[in-house]
Amino acid sequence: MKNKKKLICSIMASIMLVSSTSYCFANTNDVTTNKIIFARSIKVDGMSDKEIASTVESIESKGYKEELMNNKEDKVFNSIVENSIESTSDLDLNTENIEAVKMLLRDDTEVVNEGNDSFVMYAARSARKPKIRIKTSHAAAAFNAIISVAVAAATGAAGTAGINLLIKKLGKTGAKNFLKKKVANKIRNKLIAWGMSKYTKVADAVVFGLVYNLLDPGTALANELDKRDNWGRNGYIEI
């Protein structure tokens, strides 16, 4: 039986407490404020787009586990994670956020809620405490990384560059079908791994339109999930 790493939500809460208070809520308006758009390509010295495409497929096949990656895969993986964070609204590129996103990406991560009382439930529609809660911006960055990996595996490029190449290669209808088939399935599996299988249908519906959202698709998806849980839009996806 594989070992499971637990991403303890009290750790996530402590990250929130030592960060800027602006992190308590997901941005509901301008996702580009003080952030780069979801447009950076994966660039690693000496690697062609074809090499990057095969490398990201290998990274995914290893369940995003860094201890299984070679040096080339590790460089590409770090580039993906850092670019995804920089493209995510309300999330700074720092060690804590990098590690949180990497943990969420791992196939052997189990997300649990330790019942930490140091944060406030804003606009809660339920008096019960959630069993699982993930910071919306961390989930958004993980979604951006998953999208980048899927698109890069097909084109060798990430972000807007990759999606534009995908549209050029497959046409808009083909690109939408690719996202629905490939990306939606990967995000669905990730939600199930996080213990959030009830949100998979929402993810399926939102991912279908991501081909038209080139700014910050991960945040668009994470916010849709956040506003549909029983605790309201409070910067966390909860169940």
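Start by selecting N97, I98, A100, V101, K102, M103, L104 and L105, which are the buried residues of helix 4. Buried means under 20% relative accessible area, exposed means over 50%, and partly exposed lies in between, with a 1.4 Å probe and protein chains only. Helices (H or I, at least four residues) and strands (E, at least two) are DSSP runs, numbered from the N terminus.

This is a predicted model, in which local features need pLDDT of at least 70 and side-chain atom pairs count only at pLDDT 80 or more, while totals for chains, interfaces and linings use all residues. Residues are numbered from 1 along each chain as its sequence is written, and side-chain values use heavy atoms, with hydrogens and water left out.

**Helix 4**

Extend the selection to residues 95-105, the whole of helix 4, where eight of the eleven residues are buried. Then add N94, which caps the N-terminal end of this helix. A side-chain oxygen of N94 lies 3.3 Å from the backbone nitrogen of E96.

**The whole chain**

Zoom out to the protein chain, which has eight helices and four strands. From the N terminus on, the order of elements is β-α-α-α-α-β-β-α-α-α-α-β. Of its 239 residues, 52% count as buried.

**Helices 3 and 5**

Two packed helices are described by the angle between their axes and the distance between the axes. Select residues 71-86 (helix 3) and residues 136-155 (helix 5), which pack at an angle of about 125° with their axes 8 Å apart. Axes are lines fitted to C-alpha atoms, for helices over the stretch in contact, and angles run from 0 to 180 degrees between N-to-C directions. Helix 3 and helix 5 are therefore oblique to each other. Angles under 35 degrees count as roughly parallel, over 145 as roughly antiparallel, 65 to 115 as roughly perpendicular and the rest as oblique.

Now show side chains: I80, S84 and I85 in helix 3 meet A141, N144, A145, S148 and V149 in helix 5. Contact means heavy atoms within 4.5 Å. The residues of this contact between helix 3 and helix 5 comprise five nonpolar, three polar and no charged.

**Helices 7 and 8**

Move to residues 200-207 (helix 7) and residues 217-228 (helix 8), whose axes come within 10 Å and cross at roughly 145°. On helix 7, pick V202, A203, V206 and V207; they meet L221, E224, L225 and R228 in helix 8. Six nonpolar, no polar and two charged residues make up the contact of helix 7 with helix 8.

**The loop after helix 8**

Select N234, found in the loop between helix 8 and strand 4. N234 is buried, with a relative accessible area of 2%. A polar atom of its side chain lies 3.1 Å from the backbone nitrogen of Y236. The side chains of N234 and E238 are joined by a polar contact of 3.2 Å.

R233 is in the loop between helix 8 and strand 4 (236-238). With a relative accessible area of 30%, R233 is partly exposed. Add T136: R233 and T136 are 97 residues apart in sequence and 9.5 Å apart in space, C-alpha to C-alpha.

**Last stop: K182**

Finish with K182 in helix 6 (residues 159-193). K182 counts as partly exposed, at 39% relative accessibility. Draw a C-alpha to C-alpha distance from K182 to A150: the two are 6.9 Å apart in space and 32 residues apart in sequence.

Terms used. A polar contact is a pair of N or O atoms within 3.5 Å; within protein, one must be able to donate a hydrogen and the other to accept it, and residues adjacent in sequence count only if both atoms are side-chain atoms. Ala, Val, Leu, Ile, Met, Phe, Trp, Tyr, Cys and Pro count as nonpolar, Asp, Glu, Lys and Arg as charged, and the others, Gly among them, as polar.
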